[in-house]
Amino acid sequence: MLVFHSIGDNPAAFTVSSATFERYIAHVAHHYKVITPSQLVQRLAHGDSLAGYVCITFDDGYADNLSLALPLLEKYNVRAGVFVITSRIGSSYIHSSGVQIPLMTADQVRE
């Protein structure tokens with residue numbers, strides 16, 4: 001399982017640059033079968049092997065998951081799951097440096 005948070009250029013330690021993220025996704029798309037979180041749960045429930053499989057998720061629901069990560073996922077025909085903090089929809093994470101990292105709005109979550 002590969003877990004991401006924010007994609008782009010900000011000072012948060014949990015952010016991966018777009019270029020690095022694209023390298024990861026290109027590698028995964030070429031070498032593994034990517035499955036969704038629900039497919040992962042099904043495989044685990046049935047005792048199926050996970051060898052050669054990868055599940056990609058995004059935690060928290062940052063807006064850059066839609067604007068920056070999704071186009072790269074689509075480019076490589078890779079699916080991923082997003083876990084949204086519902087109580088924080090439409091707000092921002094404020095990094096200790098003062099940089100605000102927006103979370104998805106309700107419309108973006110629906111999209």
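**Entry 1: aromatic rings**

I began with the rings and found that Phe-4, Phe-21, Tyr-24 and Phe-58 form one aromatic cluster. I note here that I am reading a predicted model. I then asked how many aromatic pairs there are. The count comes to six.

One of these pairs is Phe-14 with Tyr-62. I found their ring centres 5.5 Å apart and their planes at 25 degrees. Stacked pairs have planes under 30 degrees apart, so I wrote this pair down as stacked. Next I checked where the partners sit. Phe-14 is in the loop between β2 (6-7) and β3. Tyr-62 is in the loop between β5 (53-60) and α3. They are 48 residues apart, so I noted that the pair links distant parts of the chain.

Are the two residues buried or exposed? Phe-14 is partly exposed, with a relative accessible area of 24%. Tyr-62 is buried, with a relative accessible area of 4%.

Phe-14 also pairs with Tyr-93. Here the centres are 5.3 Å apart and the planes stand at 70 degrees. That angle is over 60 degrees, so the pair is edge-to-face. Tyr-93 lies in strand β7 (residues 92-94), 79 residues from Phe-14. This pair too links distant parts of the chain. I read 26% relative accessibility for Tyr-93, which counts as partly exposed.

My reminder to myself: a ring pair is described by the distance of the centres and the angle of the planes.

I also looked at a charge beside a ring. The charged end of Arg-43 sits over the ring of Tyr-53, 4.0 Å from its centre.

**Entry 2: salt bridges**

How many salt bridges does the structure hold? I found two. Side chains of opposite charge can pair when their charged atoms come close.

I took Lys-75 and Glu-22 to start with. Their closest N and O atoms are 2.6 Å apart. Lys-75 lies in helix α3 (residues 64-75) and Glu-22 in helix α1 (residues 18-31). The salt bridge therefore ties together parts that are 53 residues apart in sequence. Lys-75 is exposed, at 55% relative accessible area. Glu-22 is partly exposed, at 21%.

Then I turned to Asp-107 and Arg-110. Their closest N and O atoms are 2.4 Å apart. Both residues lie in helix α4 (residues 106-110). They are three residues apart, which means about one helical turn separates them. I checked their surroundings, and both are exposed.

**Entry 3: Ser-6 and Thr-15**

I looked up Ser-6 in strand β2. Ser-6 has 0% relative accessibility, so I marked it as buried. Which side chain does the side chain of Ser-6 meet in a polar contact? The partner is Thr-15, at 3.3 Å.

I followed the contact to the other end. Thr-15 lies in strand β3 (residues 15-16). At 15% relative accessibility, Thr-15 is buried as well; the cut-off is under 20%.

I listed neighbours next, leaving out residues up to four places away in sequence. Thr-15 is in contact with Ser-6, Ile-7, Gly-8 and Asn-10. Ser-6 touches Phe-14, Thr-15, Val-16, Tyr-62, Asp-64, Asn-65 and Ile-101. I recognised Phe-14 and Tyr-62 from my stacked pair.

**Entry 4: helix α3**

I went back to the helix that holds Lys-75. α3 has twelve residues. From its first C-alpha to its last, α3 reaches 16 Å, close to the 16 Å expected.

Which residues of α3 are buried? I found Asp-64, Asn-65, Leu-66, Ala-69, Leu-72 and Leu-73. I then looked for what covers them. The cover includes β2, α1, β5, β6 (81-84), β8 (100-102) and α4. Ser-6 of β2 fits this picture, as it touches Asp-64 and Asn-65.

**Entry 5: positive phi**

Most residues other than glycine have a negative phi. I looked up two residues with a positive value.

Asn-77 follows α3, and its phi is near 55 degrees. Asn-77 sits in the loop between α3 and β6. Its relative accessibility is 72%, so I marked Asn-77 as exposed.

Asp-60 is not a glycine either, yet its phi is positive, about 90 degrees. I located Asp-60 in strand β5.

Key
Residues numbered from 1 in each chain as written. Predicted model: local features only at pLDDT ≥ 70, side-chain atom pairs only at ≥ 80, totals over all residues. Heavy atoms only, no water. Helix = DSSP H or I, 4+ residues; strand = E, 2+ residues; numbered from the N terminus. Buried < 20%, exposed > 50% of the residue type's maximum accessible area, 1.4 Å probe, protein only. Contact = heavy atoms within 4.5 Å. Salt bridge = Lys/Arg side-chain N within 4 Å of Asp/Glu carboxyl O. Phe/Tyr/Trp six-rings, centres within 6.5 Å; stacked < 30°, edge-to-face > 60°. Lys NZ or Arg CZ within 6 Å of the ring centre and 35° of its normal. Expected span 1.5 Å × (residues − 1). Polar contact = N/O pair within 3.5 Å; in protein donor to acceptor, adjacent residues only side chain to side chain.
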